Amino acid sequence: MIERRMRRSVLPVVLSLVLPLAACNAGRSAMDGARQFGAGVGAAATAPLDDLNLRRAYIPTVLLQAEANPYDLRNLNHCATIGAEIARLNEALGPDTDEPPSPDGSFLSERAADAASAAALDAIREATTDFIPGRSWIRQLSGAEQHSRHVQSAIQAGRMRRAFLKGTGMQRNCAPPAAPGWFRPRR
């Protein structure tokens, strides 16, 4: 009971932190955070649809292929084809840990607005899923838990394949992105 009261009180606190930013030089950052929050409210409010297996996370084809055979080297005879496959994996998984973060030039106020928006959306998601009695059993019976495990397995296989391909590219003396970002090919 106390936990629910605390969750309900999170949204006003988050908004009270984000809205004053609009009055200072970081007003654009706060407005972007508010737009991000507004865009995510629908997904957070409909989170129970995931638990009932009425809405499923999409698994990209490249991850399903990686899950089926993470060490497949067919048609990957050149550095360019290895790099292209790694680019497909990066598109599905996001950047690898060996790649430097992109210089997005974001300000501290923008990062704060993003964090506040994410916290508020998490609070809404938790509040909407709390009302489901026996949520873990419902997830099991509906198949949502099994699908969630499949998604995580595909992500893990994609990461493993990307690491394998970068190692293969490094062995073949390829330049990044067909090898880790720090690797410099021998001449």
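A salt bridge here is a side-chain nitrogen of Lys or Arg within 4 Å of a carboxyl oxygen of Asp or Glu. By that rule, the structure above holds six salt bridges. Please keep in mind as you explore that this is a predicted model.

Let's start with the overall layout. The protein chain has eight helices and zero strands, so read along the sequence, by the DSSP runs used here, its pattern is α-α-α-α-α-α-α-α. Of the 187 residues in the chain, 33% are buried. The accessible surface comes to about 11,900 Å², and carbon and sulfur atoms account for 60% of that area. If you look at contacts between residues at least 6 apart in sequence, 78% of them join residues at least 24 apart. The pairs below put some names to links across the sequence.

A good place to zoom in is helix α5, which spans residues 79–93 and contains Glu85. Is Glu85 buried or exposed? Its relative accessible area is 11%, and because the cut-off for buried is under 20%, Glu85 counts as buried. Leaving aside residues up to four places away in sequence, Glu85 touches Val62, Leu76, Arg161 and Leu165. One of these neighbours, Arg161, is also its salt-bridge partner, with the closest N and O atoms 3.5 Å apart. Arg161 sits in helix α8 while Glu85 sits in helix α5, so this pair ties together parts that are 76 residues apart in sequence. Arg161 is buried too, with a relative accessible area of 6%.

Another salt bridge reaches helix α8 from a loop. Asp96 pairs with Arg162, and their closest N and O atoms are 3.6 Å apart. Asp96 belongs to the loop between α5 and α6 (108–130), whereas Arg162 lies in helix α8, so the link joins parts that are 66 residues apart in sequence. Both partners, Asp96 and Arg162, are buried. They also belong to a wider arrangement: Asp96, Asp98, Arg162 and Lys166 are linked in a network of salt bridges. As background, side chains of opposite charge can pair when their charged atoms come close.

For a contrast in exposure, turn to Arg74 and Asp72. Their salt bridge has its closest N and O atoms 2.8 Å apart. Arg74 counts as exposed, at 61% relative accessibility, whereas Asp72 is buried, with a relative accessible area of 18%.

Next comes the covalent link. The structure holds one disulfide, formed by Cys79 and Cys174, whose sulfur atoms are 1.9 Å apart. The angle about the S-S bond is -80 degrees, and the link of Cys79 and Cys174 is left-handed. Which parts of the chain does this pair tie together? Cys79 lies in helix α5 and Cys174 in the segment after α8, so the disulfide bridges parts that are 95 residues apart in sequence. The two cysteines differ in their surroundings: Cys79 is partly exposed at 33% relative accessibility, while Cys174 is buried at 1%.

Finally, consider the aromatic rings. A pair of aromatic rings is described by the distance of the centres and the angle of the planes. With ring centres required to lie within 6.5 Å, the count comes to two aromatic pairs. One is formed by Tyr71 and Phe164, an edge-to-face pair with 5.0 Å centre to centre and 85 degrees between the planes. Tyr71 lies in the loop between α4 (61–68) and α5, and Phe164 is in helix α8 (residues 144–171), so this pair ties together parts that are 93 residues apart in sequence. Tyr71 counts as partly exposed at 47% relative accessibility, and Phe164 likewise counts as partly exposed at 24%.

Trp182 and Phe183 make up an aromatic pair as well, again edge-to-face, with 6.2 Å centre to centre and 80 degrees between the planes. Trp182 is exposed at 57% relative accessibility, whereas Phe183 is buried at 10%.

To gather the threads around helix α8, look again at three residues you have met. Arg161 in helix α8 pairs with Glu85 in helix α5, Arg162 in helix α8 pairs with Asp96 in the loop between α5 and α6, and Phe164 in helix α8 pairs with Tyr71 in the loop between α4 and α5.

Terms used
Residues are numbered from 1 along each chain as its sequence is written. This is a predicted model: local features need pLDDT of at least 70, side-chain atom pairs count only at pLDDT 80 or more; totals for chains, interfaces and linings use all residues. Side-chain values use heavy atoms; hydrogens and water are left out. Helices (H or I, at least four residues) and strands (E, at least two) are DSSP runs, numbered from the N terminus. Buried means under 20% relative accessible area, exposed over 50%, partly exposed in between (1.4 Å probe, protein chains only). Contact means heavy atoms within 4.5 Å. Rings of Phe, Tyr and Trp (its six-membered ring) pair if their centres lie within 6.5 Å; planes under 30 degrees apart count as stacked, over 60 as edge-to-face and the rest as tilted. A disulfide is a pair of cysteine sulfur atoms within 2.5 Å. Accessible areas come from the Shrake-Rupley method with a 1.4 Å probe; for residues, only the protein chains shown count as cover.
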